[in-house]
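Please examine the sequence and the structure shown below. The report after them treats charged pairs and one helix.

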Amino acid sequence: MALYVLYEHAAGFGLFSVKEFEEIGMILPQVEASILDLSRFNSIVKLVGFHPFKTAVAALNNVNAISEGLLPDDLSAFLDTTLPKSTGKKSVTLGVADAKLGAAIAEALNVQCSHIGAVPEILRGIRHHFPQMVKGFTNQSAAVAQLGLGHSYSRCKVKFNVHRSDNMIIQSIALLDQLDKDVNTFSMRIREWYSYHFPELMKVVSDNYMFAKVAHFVKDRKSLTAESLPALEEILMDSEKAQAVLDAAKMSMGMDISVIDLLNIEMFAKRVINLSDYRQQLASYLHSKMNNVAPNLQALIGDQVGARLISKAGSLTNLAKYPASTVQILGAEKALFRALKTKSNTPKYGLLFNSSFIGRANAKNKGRISRFLANKCTIASRIDCFTETPSTVFGEALKQQVEDRLKFYEQGTTPRKNLDVMKEAMEQVLEQQKTTDSSAKKKKNKRKQEDTNGTEATNGTDETPKKKSKKGKLNDTNGADDSTLNGSSFLDTTNGEKKKKKKKNKGQEMAVEA
C-alpha cells in the first residue's frame with residue numbers, strides 16, 4: 001500500500017510520498033522526537049508535487065471551500081494530475097487532516113482517504129519542515145503568506161456572518177440589563193445624598209427619574225419661590241405635586257449644605273438623567289432591531305423577553321433549532337441540574353417567566369401555559385429564521401392562540417384549532433405579498449412612463465428647429481430659378497410633408513420638365 005499525504009498551506013497545496021514503515025513504532029516517544037530532525041524525516045517523507053496559489057483571492061477561495069468540507073477545483077486538478085492511480089497490485093491511500101475534505105475527495109476522485117493512524121504525526125512533521133522541503137521557500141515567506149491569508153479569512157468570516165443582526169440584539173439587551181442595574185443604583189444614591197438637604201422630596205416624588213430631574217432643578221431648597229412653580233409643573237406634569245414640593249421646601253427639616261456639595265449633587269443628578277434618557281433610546285433601538293430580525297417573536301412575547309431568548313441561545317438560528325422543552329427552561333439551567341441532582345421537581349419556566357402570560361395565569365396553570373408558550377415561541381422563531389419576507393402576521397396569530405388558551409383555563413371556552421389559525425394566517429400573508437408585488441409593479445410602470453415621457457420631451461425639443469429649417473429650405477427652392485430644381489432632391493426634402501403639398505410639388509416638377 002502506497003501512502004501519500006496532502007498538506008494545505010497558505011501558499012499552496014503540497015503532496016508528499018511516505019515510505020513504508022511500522023505504524024506501531026510511531027507511538028514511541030523516540031520516534032515522535034525524531035520527526036523534528038529534518039534528515040531523518042526526509043528519509044521517510046519526500047515532496048512529490050507543489051501547487052502554489054496564483055493570487056490571494058484564489059488562496060481565500062480555496063481555504064473557504066476546504067473549511068466548508070468542499071473540494072476546490074484547483075485541488076481536484078492538482079490531485080488528478082499528481083497523485084498516481086491505484087492498481088490491482090498496489091493500492092494508493094491519501095492522508096488528509098480533515099475528515100470532511102477526505103470524504104469529498106473520495107467521492108469526487110474515487111481515492112481512498114485516511115485521517116487517522118500515522119497521518120497526524122506525519123502532517124506534524126511536514127508542518128514543521130515545510131519551508132525547508134520546498135525549493136525557493138523560506139520561513140519568512142511562509143509567515144507572510146500565513147499572516148495575509150489569516151487576515152483575509154477572518155475578515156471574510158466577519159463580513160459574511162449570518163448572525164450580524166443577532167449580535168446587535170445580543171449586545172443591546174446585555175447593555176440594557178446593565179443600564180437598568182446602574183440607573184437603579186445611581187438613583188438610590190442620589191435619593192440618599194439629596195435627602196440630607198431636602199428629605200421631604202422623597203415622599204412627594206416617588207419615581208427615580210422624576211426625583212433626579214427635580215433635584216437637578218431645585219438645587220438649594222431655599223431658592224424655591226412661587227415663580228419656579230410653572231417649571232416644576234412642566235417637570236412633574238402635575239400641579240398638585242409641584243405645589244406640594246413648594247410647600248415642603250418652605251417647611252423642610254433638612255440641613256444646610258455648602259455650594260460645592262450642591263454642585264456635586266447637581267452634576268451627579270445630570271448624569272443619572274442622561275443615563276435614563278440613553279436607556280430609553282436603547283430600548284427604542286432594540287425595538288427596531290427586533291422588528292427587523294424577529295418580528296413574530298417580538299409580537300408574541302415582546303422585545304426584551306425575545307431578545308433575552310436570542311441572547312441565551314447565542315443566535316436566532318440556534319433558538320430555532322431548539323425544541324420547545326429546551327426553550328421552556330432556557331435560563332433556569334442551575335435549577336434544572338439541582339433538581340436532577342436532588343431528584344426533586346424540575347423548574348417549569350426560565351426566561352419565559354418574565355412574559356405577561358405566565359403572570360396572568362393561575363398558580364396551577366403556570367406550568368401548562370409556559371409549556372404552551374414555549375411551543376409557540378419555537379414556531380415563531382423558526383418562521384423568523386427561515387422566512388424570506390418577514391411579517392408579524394404569524395406572531396399576532398400565535399399571541400391570540402395563547403390568549404385563547406388562557407381563557408380556556410380560566411373560563412372553559414374552547415379555543416380554535418391550530419390548523420384553522422395557521423390557514424388564516426397564511427392567507428393574510430399571501431394577500432400582503434400580492435399587494436406588495438402590485439405596488440412594486442405600479443412603481444416600476446410609473447418610472448418607465450416618466451422615463452419615456454422624458455425621452456419624448458427631449459426628442460420633441462430637438463425636432464422643432466429641424467422642421468423650421470426644412471420649411472426654410474422649401475421657401476428657398478421655390479424662390480430659386482427653374483433650371484436649378486432637381487426632382488429627386490426635392491422629393492427627398494419633402495418626405496415629411498402632407499399629401500397635398502406633394503401634389504403641388506409634382507405639378508411644379510411637370511412644369512419644369514416641359
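The following sections describe the model, its salt bridges and the two sides of a helix.

## Basis of the model

This is a predicted model, in which local features need pLDDT of at least 70 and side-chain atom pairs count only at pLDDT 80 or more, while totals for chains, interfaces and linings use all residues. Residues are numbered from 1 along each chain as its sequence is written, and side-chain values use heavy atoms, with hydrogens and water left out.

## Salt bridges

Side chains of opposite charge can pair when their charged atoms come close. The whole structure holds 12 salt bridges (a side-chain nitrogen of Lys or Arg within 4 Å of a carboxyl oxygen of Asp or Glu).

One of them joins Asp-177 to Arg-308, with the closest N and O atoms 2.7 Å apart. Because Asp-177 belongs to helix H8 (residues 164–194) and Arg-308 to helix H15 (residues 303–313), this pair ties together parts that are 131 residues apart in sequence. Helices here are DSSP runs (H or I) of at least four residues, numbered from the N terminus. Within H8, Glu-192 also pairs with Arg-189, at 3.4 Å between the closest N and O atoms; these two residues are 3 apart, about one turn of the helix.

## The two sides of helix H4

In helix H4 (residues 73–82), Leu-75, Phe-78 and Leu-79 are buried (under 20% relative accessible area, against over 50% for exposed and in between for partly exposed, with a 1.4 Å probe and protein chains only). These residues lie on the same side of H4 because they cover an arc of only 95° around the axis, taken from the directions from the helix axis to the C-beta atoms. Asp-73 and Thr-81, on the other side of H4, are exposed.
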